[in-house]
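Visitor: I have a few questions about how the terms are used here. Could you show me the structure before we begin?

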Amino acid sequence: MDDALLRTLTPSVIGVLVRRGADFAAAEDAVQDALVEAVRVWPEDPPKDPKGWLVTVAWRKFLDAARADTSRRVREVRVEAEPSPGPGEEVDDTLQLYFLCAHPALTPASAVALTLRAVGGLTTRQIAQAYLVPEATMAQRISRAKRTVSGVRFDQPGDVATVLRVLYLVFNEGYSGDVDLAEEAIRLTRQLAARIDHEEVAGLLALMLLHHARRPARTGPDGRLVPLAEQDRRLWNTRLIAEGVDVLQAALARDRLGEFQAQAAIAALHADARTADETDWVQIVEWYDELVRLTDSPVARLNRAVAVGEADGPRAGLAALAELDPALPRHTAVAAYLHERDGDPATAARLYAEAARSAPSLPERDHLTRQAARLNTRLRG
Amino acid sequence: MAKYLLLKHYRGAPAAVNDVPMDQWTPEEVSAHVKYMQDFAARLESTGEYVDGQALSPEGTFVRYDGEGRPPVTDGPFAETKDLIAGWMVIDVDTYERALELAAELSAAPGAGGKPIHEWLEVRPFLTEPPTITE
């Protein structure tokens with residue numbers, strides 16, 4: 001029983017049903033039903049042609065549902081018993097589904113949920129568990145999302161940038177659960193990169209691989225956050241780093257820079273340093289300059305101030321920080337760090353404690369509290 | 001998406017505009033209030049924003065550890081403590097503004113005379129998981 005194969009086939013099977021005249025919402029439901037049946041039947045009786053089996057069963061489920069429904073939807077089913085194979089060779093159904101599920105009319109949370117179900121082949125329960133909401137809530141979120149895109153034509157090209165934002169969200173804000181959302185985001189981005197030749201798709205894939213490589217070193221045995229400078233770099237996954245660097249270099253060679261390539265380049269420079277002291281901060285600042293130019297993002301500016309503090313000293317970092325809005329998330333934490341490096345532990349301790357009170361996550365709050373406690377202990381002694 | 005706690009206080013929040021104790025309402029007004037709350041939760045579920053809702057008994061007890069091998073020490077109940085939580089609702093929404101909007105809607109639940117209570121609700125963000133990409 002190959003769960004990965006089933007999930008890879010999911011979007012293309014939905015695509016076949018849509019091409020045969022099913023509307024997207026009904027096709028998506030029918031394919032979910034077929035997946036459940038596959039899980040039940042395949043271990044005993046594996047099909048020779050898994051995709052053909054799924055298409056046949058899903059189509060039957062779709063017809064059953066349409067007949068059970070009022071005559072309204074049956075009228076819309078033009079082909080009844082034996083459908084024609086339909087076109088589909090020239091258009092990639094899986095790619096079209098990425099676009100549909102990331103449609104700009106959807107809120108980010110809806111686009112994420114719909115992508116994980118229709119493109120990723122996850123069940124509603126798995127998605128609900130991953131995002132820590134009740135299954136009924138997630139089911140409603142998905143069905144509303146399907147209604148929102150019900151009028152969208154399936155065969156129109158979408159915007160790659162919206163798809164990338166959705167995949168970035170899955171990777172970056174993934175909660176822990178049965179489903180590893182970081183792995184899933186990488187799988188979906190890899191699958192997208194195999195279908196569309198686009199430098200920013202490659203850039204995002206590289207960014208994910210390079211960050212995922214650090215995962216074993218990012219948290220201590222007690223679950224505490226380990227900052228980049230203190231990570232045991234021997235724990236970094238060199239295979240993922242090598243792949244990320246290869247993907248990034250191929251993308252950069254096309255000379256069409258974008259925000260994900262720039263972020264991946266920064267991650268690659270960190271990956272390249274055997275110790276924190278060997279980090280090429282001057283080059284990292286240059287990449288942040290590019291990133292700020294590309295995105296004008298306040299978060300990029302904040303991270304740039306940290307890099308400037310490393311490249312040109314804490315005073316330069318504090319000067320860069322002074323130009324930014326103090327209300328930015330993590331601004332106070334950065335100020336604390338730079339003040340400590342500038343030899344002012346009293347100010348740093350006060351700022352670390354203040355940053356802990358406004359930390360957006362528990363591990364960060366614990367980390368910042370520990371930093372304040374460390375400095376306060378030293379100041380007392 | 002971010003999760004928020006909408007916290008309802010028996011005591012400790014500023015006074016509501018329509019500040020009449022529930023036992024002074026008519027039975028119909030009580031029923032209308034309960035229905036409003038149920039409908040609100042059902043609507044949030046249908047928009048994919050509902051996570052949890054619970055009500056708490058007004059009476060609680062303070063408990064603390066009292067040393068190895070000794071039973072826990074209890075104190076109270078404290079009927080007159082300053083702050084008293086009545087219950088909560090947890091929502092999962094796209095923006096902070098949406099959280100405020102929903103809290104305001106909940107605060108408009110009907111009370112005495114069938115008029116909105118305008119009670120003060122506390123909105124508290126949940127601490128999340130840290131992001132994967134940090135630099």
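Guide: Gladly, and please keep in mind that this is a predicted model. Let us start with A:Leu210, which touches A:Ile241, A:Gly244, A:Ala264, A:Ala267, A:Ala268 and A:Ala271, leaving aside residues up to four places away in sequence.

Visitor: What makes A:Ile241 a residue that A:Leu210 touches?

Guide: Two residues are in contact if their C-beta atoms, placed from the backbone, lie within 7 Å. A:Ile241 is listed among the residues touched by A:Leu210, so this pair meets that cut-off.

Visitor: Why is A:Leu210 counted in the largest nonpolar core?

Guide: A core of this kind joins buried residues such as Leu and Ala through C-beta atoms within 7 Å, and buried means that 20 or more other C-beta atoms lie within 10 Å. A:Leu210 is one of the 128 members, and belongs with A:Leu17, A:Ala27, A:Ala58, A:Leu167, A:Ala206 and B:Ile91 to those that touch the most other members. Helix α11 (residues 199-212) of chain A gives this core its largest share, 9 residues.

Visitor: How do you know that domain 3 and domain 4 of chain A touch?

Guide: Their C-alpha centres lie 19 Å apart, and the contact takes 9 residues from each of the two domains. On the domain 3 side, 6 are nonpolar, 2 polar and 1 charged.

Visitor: And which parts of chain B touch chain A?

Guide: The contact joins 17 residues of chain B to 29 residues of chain A. In chain B, α1 (27-46) and β2 (50-55) each supply at least two residues of that side, which has 7 nonpolar, 5 polar and 5 charged residues.

Definitions and conventions: Residues are numbered from 1 along each chain as its sequence is written. Chains are lettered from A and ligands numbered from 1 in the order in which they are written. This is a predicted model: local features need pLDDT of at least 70, side-chain atom pairs count only at pLDDT 80 or more; totals for chains, interfaces and linings use all residues. Helices (H or I, at least four residues) and strands (E, at least two) are DSSP runs, numbered from the N terminus. Ala, Val, Leu, Ile, Met, Phe, Trp, Tyr, Cys and Pro count as nonpolar, Asp, Glu, Lys and Arg as charged, and the others, Gly among them, as polar. Domain bounds come from an automatic or database domain assignment. A residue is buried if 20 or more other C-beta atoms lie within 10 Å of its own, exposed if 12 or fewer, and partly exposed in between; C-beta atoms are placed from the backbone.
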